[in-house]
Amino acid sequence: MGGTEHLTVQREGATLVLTLNRPEARNALSLPMLVGLYDGWLEADADDSVRSIVFTGAGGSFCSGMDLKALAGNGMAGEEYRDRLKADPDLHWKAMLRHHRPRKPVIAAVEGYCVAGGTEMLQGTDIRVAGESATFGLFEVRRGLFPIGGSTVRLPRQIPRTHALEMLLTGRPYSAREAAAIGLIGHVVPDGTALDGALEIAERINACGPLAVEAVKASVYETAEMTESDGLAAELTRGWPVFDTADAKEGARAFAEKRPPVYKRA
């Protein structure tokens with residue numbers, strides 16, 4: 001498994017856990033973090049034994065966004081990774097899930113601060129669990145900046161436009177309960193249990209047919225901006241082949257025999 005000094009990679013059964021690991025800076029984004037994240041997304045998709053991804057942060061915070069001290073000219077940690085960015089100028093956007101979507105489900109486990117770039121990365125995840133004291137928000141306009149991680153496009157497609165515009169234009173913080181009320185996150189749990197909650201959801205996903213799970217996720221995103229008729233046609237194209245897989249036959253047999261299925265991605 002990969003990882004860097006600011007991004008840890010662990011296995012929990014069939015789940016790959018990617019943890020932002022710069023707690024002294026509330027997991028502000030750094031070059032080692034971005035490189036480790038992108039490598040983690042690629043690792044998850046390349047390994048067929050991985051069926052889900054949990055994305056979280058160490059030290060009681062998810063991510064406080066870009067390292068503003070570095071942006072102000074004080075230097076960013078991990079300059080030794082600069083060659084990776086030169087080789088792939090799009091790497092940071094892929095790491096932040098702006099220009100890359102893993103084919104495996106991504107579940108966010110949020111504690112503490114999930115603001116600015118943290119909230120932007122959150123929008124690239126599929127399922128979201130947060131501790132009660134978590135804080136969300138897009139603070140960029142308060143600092144004279146633009147939330148260029150995708151929020152002006154994605155946020156109005158994920159929550160009602162009036163809420164999206166208020167979040168984007170005021171730059172104010174949102175509590176976990178408020179974030180759940182507007183649909184930004186799906187679950188609010190006691191502080192310190194977001195990771196456990198995310199892993200529980202991951203286990204439920206892991207028990208399902210992996211080819212079916214990946215096809216369903218792909219169909220949801222693929223058809224999101226289509227007309228209903230085009231979307232239904234695309235759904236059939238994506239979904240029918242799943243019925244011809246060995247996994248589909250195994251699922252039916254397991255149901256008839258009243259036993260857990262054993263899927264082999266075939």
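## Exercises on Thr4, helix H1 and the cores

Thr4 counts as buried, with a relative accessibility of 15%. Keep in mind that the model you are exploring is predicted.

**Exercise 1.** Work out why Thr4 counts as buried, and find which residues it is in contact with.

*Solution.* Start with the cut-off: buried means under 20% relative accessible area. Thr4 is at 15%, so it counts as buried. Next, place the residue: Thr4 sits in the segment before strand S1 (7-12). Setting aside neighbours within four places in sequence, its contacts are Pro32, Met33, Gly36 and Tyr81. Finally, look at the polar side: the Thr4 side chain reaches the backbone oxygen of Pro32 at 2.7 Å.

**Exercise 2.** Compare the span of helix H1 with the expected one, then decide how enclosed the helix is.

*Solution.* H1 covers residues 31-46, which is 16 residues. From first C-alpha to last it reaches 23 Å, close to the 22 Å expected at 1.5 Å a residue. Now check burial: 12 of its 16 residues are buried, so H1 is largely enclosed by the rest of the structure. Among the buried ones are Pro32, Met33 and Gly36, which also appear in the contact list of Thr4.

**Exercise 3.** Locate the largest nonpolar core and trace the surroundings of Leu184.

*Solution.* The largest nonpolar core has 47 residues, and Leu37, Val110, Phe136 and Leu184 have the most contacts inside it. Its largest share, eight residues, comes from H1. Beyond neighbours within four places in sequence, Leu184 is in contact with residues including Leu122, Phe136, Leu155 and Ile159. A second, separate core of 13 residues includes Val17, Val189, Leu199 and Ile201.

Conventions:
Residues numbered from 1 in each chain as written. Predicted model: local features only at pLDDT ≥ 70, side-chain atom pairs only at ≥ 80, totals over all residues. Heavy atoms only, no water. Helix = DSSP H or I, 4+ residues; strand = E, 2+ residues; numbered from the N terminus. Expected span 1.5 Å × (residues − 1). Buried < 20%, exposed > 50% of the residue type's maximum accessible area, 1.4 Å probe, protein only. Core = buried A, V, L, I, M, F, W, Y, C linked by side-chain atoms within 4.5 Å. Contact = heavy atoms within 4.5 Å. Polar contact = N/O pair within 3.5 Å; in protein donor to acceptor, adjacent residues only side chain to side chain.
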